[in-house]
Amino acid sequence: MPFDITFQPVKVLIDGHDSEGRLIFADDQLTAVVVRLDGQTHVPEHKGRWHLEAGFGPCDASIAPPSFMTLEEAEAWVKQRLAGRM
């Protein structure tokens, strides 16, 4: 059964400044929070990537949180994690 994945823009306080973030919902349930890495403390090759700040249920990856080049890549990762739980 395919999941309806939606994104909600949100500001997240990271490294002392607001960062662009997205709440990721699957069928209206919060599954993950990603934040665009844009602070001064991030190495240049990571800037602009979307970092998983929090994942819930099968999207919990607190041991080794991934980062994504695009939101579409994050969406595919969420769908893969959710499909693996069945």
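A residue counts as buried when its relative accessible area is under 20%. By that cut-off, 37% of the 86 residues in this chain are buried. Please keep in mind as you look around that this is a predicted model. The chain has one helix and five strands, and a few spots in it are worth a visit: a buried serine, two pairings between strands and an aromatic pair.

**Overall layout**

- Reading from the N terminus, you meet the elements in the order β-β-β-β-β-α.
- Contacts between residues at least 6 apart in sequence include some with a longer reach: 25% of them join residues at least 24 apart.
- The chain exposes about 5,300 Å², and 54% of that area comes from carbon and sulfur atoms.

**How the strands pair**

- Strand β3 covers residues 29-36 and strand β4 covers residues 50-55; the two pair in the antiparallel sense, with five bridges between them.
- To find this pairing on your screen, look for Ala 32, which stands opposite Gly 55 in β4.
- β4 also pairs with strand β5 (residues 67-68), again in the antiparallel sense, this time over two bridges.
- Here a handy landmark is Trp 50, which stands opposite Phe 68 in β5.

**The aromatic pair**

- One aromatic pair is present in the structure, and its partners are Phe 68 and Trp 77.
- Their ring centres lie 5.7 Å apart. The ring planes meet at 55°, so the pair counts as tilted, a class that sits between stacked (under 30 degrees) and edge-to-face (over 60).
- Phe 68 is buried, because its relative accessibility of 3% falls under the 20% cut-off.
- Trp 77 has a relative accessible area of 14%, so this residue is buried as well.
- Phe 68 therefore turns up in two of these topics: as the residue opposite Trp 50 and as a partner of Trp 77 in the tilted pair.

**A buried serine in β2**

- Ser 19 belongs to strand β2, which spans residues 17-26.
- With a relative accessibility of 1%, Ser 19 is buried, since that value is under 20%.
- What does Ser 19 touch, leaving aside residues up to four places away in sequence? Its contacts are Val 10, Lys 11, Val 12, Ile 14, Val 35, Arg 36 and Asp 38.
- One of these contacts, Val 35, lies within the residue range 29-36 of β3, the strand that pairs with β4.

Key:
Residues are numbered from 1 along each chain as its sequence is written. This is a predicted model: local features need pLDDT of at least 70, side-chain atom pairs count only at pLDDT 80 or more; totals for chains, interfaces and linings use all residues. Side-chain values use heavy atoms; hydrogens and water are left out. Helices (H or I, at least four residues) and strands (E, at least two) are DSSP runs, numbered from the N terminus. Buried means under 20% relative accessible area, exposed over 50%, partly exposed in between (1.4 Å probe, protein chains only). Contact means heavy atoms within 4.5 Å. Accessible areas come from the Shrake-Rupley method with a 1.4 Å probe; for residues, only the protein chains shown count as cover. Rings of Phe, Tyr and Trp (its six-membered ring) pair if their centres lie within 6.5 Å; planes under 30 degrees apart count as stacked, over 60 as edge-to-face and the rest as tilted. Two strands pair if DSSP finds at least two bridges between them.
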